[in-house]
Amino acid sequence: MVARKSTKKSNVSAEDLKQYYRDMLLIRRFEEKAGQLYGMGLIGGFCHLYIGQEAVVVGLEAAAEEGDRRITTYRDHGHMLACGMDPNGVMAELTGREGGYSRGKGGSMHMFSTEKRFYGGHGIVGANVPLGAGLAFADKYLGNDRVTFTYFGDGAANQGQVYETFNMAALWQLPVIFVIENNQYAMGTSQKRSTSSPDIYTRGQAFGIPGEAVDGMDVLAVKEAGDKAVAHCRSGAGPYILEIKTYRYRGHSMSDPAKYRTREEVQKMREEKDAIEHVRDLLVSGGHATEEDLKAIDKEIKDVVNASAEFAKESPEPALDELWTDIIADAAPQNA
Ligand SMILES: Cc1ncc(C[n+]2csc(CCOP(=O)(O)OP(=O)(O)O)c2C)c(N)n1
Ligand SMILES: [Mg+2]
């Protein structure tokens, strides 16, 4: 892990720091609740939790501006919440209900919000990477200065289409940030077993794409790296790679035999590197928040998450004739 950076070095205010705490906690509690609903049989099918990785998306969303776009993989609930999508709509999609973002027909991996410029949610490993470059191409073509955050995993980084995309993104100087969420595992395969050179951030060198490694358990380090990458892309200098070193605490998905790592390894990360605890410490030790303030935030988040679970349970299942809708688009989106 890269050494932690203190708040003093960054130009983040106490209010910002509190907001990061709130945003990360919302993801964590939401995911814990989703895990519970899954256990109760209210959520079925694939469900990949993001617990442990919260600082990645919260730090990068803090570096994003209105109109920027994001696209990610199947481990996507945190990305939706961090870009401002409604927890009720996300949870109801998880339970397959009408009130969900895809009206209950997409589930965990297939939600979209053009309003929040969130383009999924993709189940095929690596396949969202060229799509992300396509979104960035649209902005370049439209002549604006928007940036696209394209998230993928360490396992996906070994896919051939990623390098075809790097080539085109560099050739056309596309405003895309390739965010590699390196949580050290691709299902049950450790990075050590699958990857010839550990420094994935250097993989753009052959195409002239700059990259850097970032401590993904430190939201301030992520925000700082995000600001730099965004400035690079907005200036018209082309793509940028951020390899963000993180860790998932839960299994790959809801069914995971967990034989590929020890309990001690997970426990050590949770105890020594947890991103939410880190910000909590900074807030308290810096005198920015009291234990009481933090308790109030915890309650606020718990209420939002509980309300989303209630909404997701009460929302009806989609009507049968919904089977015949949303199959083929009626018209191509204009400037979406
Ligand atoms: C093309 C393709 N191959 C295999 C799979 C099965 N699969 C789903 S997730 C996954 C691991 C990907 O790991 P990584 O990119 O590190 O992302 P993480 O799950 O760690 O977030 C695999 C092999 C798939 N969905 N698509
Ligand atoms: Mg991984």
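User: Which residues of H5 are buried?

Analyst: In this predicted model, the buried residues of H5 are Asn128, Val129, Gly132, Ala133, Leu135, Ala136 and Asp139. Seen down the axis of H5, they fall within an arc of 155 degrees, so they line one face of the helix.

User: What makes a one-sided pattern like that reasonable for an α-helix?

Analyst: An α-helix has 3.6 residues a turn, so residues three or four places apart point the same way.

User: What do the buried residues of H5 pack against?

Analyst: They pack against strand S1 (69–71), strand S2 (148–153), helix H6 (160–171) and strand S3 (176–182). On the other side of H5, Tyr141 and Leu142 are exposed.

User: How do you know that the length of H5 fits its residue count?

Analyst: H5 runs over residues 128–142, which is 15 residues. The expected span is 1.5 Å times one less than that count, and it comes to 21 Å. From first C-alpha to last, H5 also reaches 21 Å, close to expectation. Just after H5, Gly143 has a positive phi of about 75 degrees.

User: And what makes the span of H11 agree with the expected one?

Analyst: At 1.5 Å a residue, the 24 residues of H11 (291–314) should span 34 Å, and the end C-alpha atoms are 34 Å apart, so the two agree. Buried in H11 are Ile301, Val305, Ser308, Ala309 and Ala312. The cover over the buried residues of H11 includes helix H1 (14–39) and H4.

User: Why is helix H2 described as largely enclosed?

Analyst: Just count: 10 of the 10 residues of H2 (54–63) are buried, so the rest of the structure largely encloses this helix. The buried set of H2 includes two charged-class members, Glu54 and Glu61.

User: Why is His122 called buried?

Analyst: The cut-off for buried is 20 or more other C-beta atoms within 10 Å. His122 has 21, so it counts as buried. It's in the loop between helix H4 (87–94) and H5. Leaving out residues up to four places away in sequence, His122 touches Thr73, Tyr74, Ala127 and Asn128. Also, His122 and His110 are 12 residues apart in sequence and 6.5 Å apart in space, C-alpha to C-alpha.

User: Why is Ala258 labelled exposed?

Analyst: Exposed means 12 or fewer C-beta neighbours. Ala258 has 12 inside 10 Å, so it counts as exposed. Ala258 lies in the loop between strand S7 (240–245) and helix H9 (263–273). Its phi is near 55 degrees, a positive value in a residue other than glycine.

User: Why is Gln173 only partly exposed?

Analyst: Gln173 has 15 other C-beta atoms within 10 Å. That falls between the exposed limit of 12 and the buried limit of 20, so partly exposed is the right label. Gln173 sits in the loop between H6 and S3, and has a positive phi of about 50 degrees although it isn't a glycine.

User: What makes up the shell around ligand 1, by class?

Analyst: The shell has six nonpolar, six polar and two charged residues. In all, 14 residues surround ligand 1, and the closest are Val125, Gly153, Gly155, Ala156 and Ala186.

User: Which residues does the "Dehydrogenase E1 component" annotation cover?

Analyst: The unreviewed UniProt entry annotates that domain over residues 23–319. Over that range the chain is 45% helix and 10% strand, with the end C-alpha atoms 34 Å apart.

Methods: Residues are numbered from 1 along each chain as its sequence is written. Chains are lettered from A and ligands numbered from 1 in the order in which they are written. This is a predicted model: local features need pLDDT of at least 70, side-chain atom pairs count only at pLDDT 80 or more; totals for chains, interfaces and linings use all residues. Helices (H or I, at least four residues) and strands (E, at least two) are DSSP runs, numbered from the N terminus. The arc is that of the directions from the helix axis to the C-beta atoms. Two residues are in contact if their C-beta atoms, placed from the backbone, lie within 7 Å. UniProt positions are given in the numbering used here, feature names are shortened, and annotations may be inferred rather than shown by experiment. A residue is near a molecule or strand if its C-beta atom, placed from the backbone, lies within 6 Å of it.
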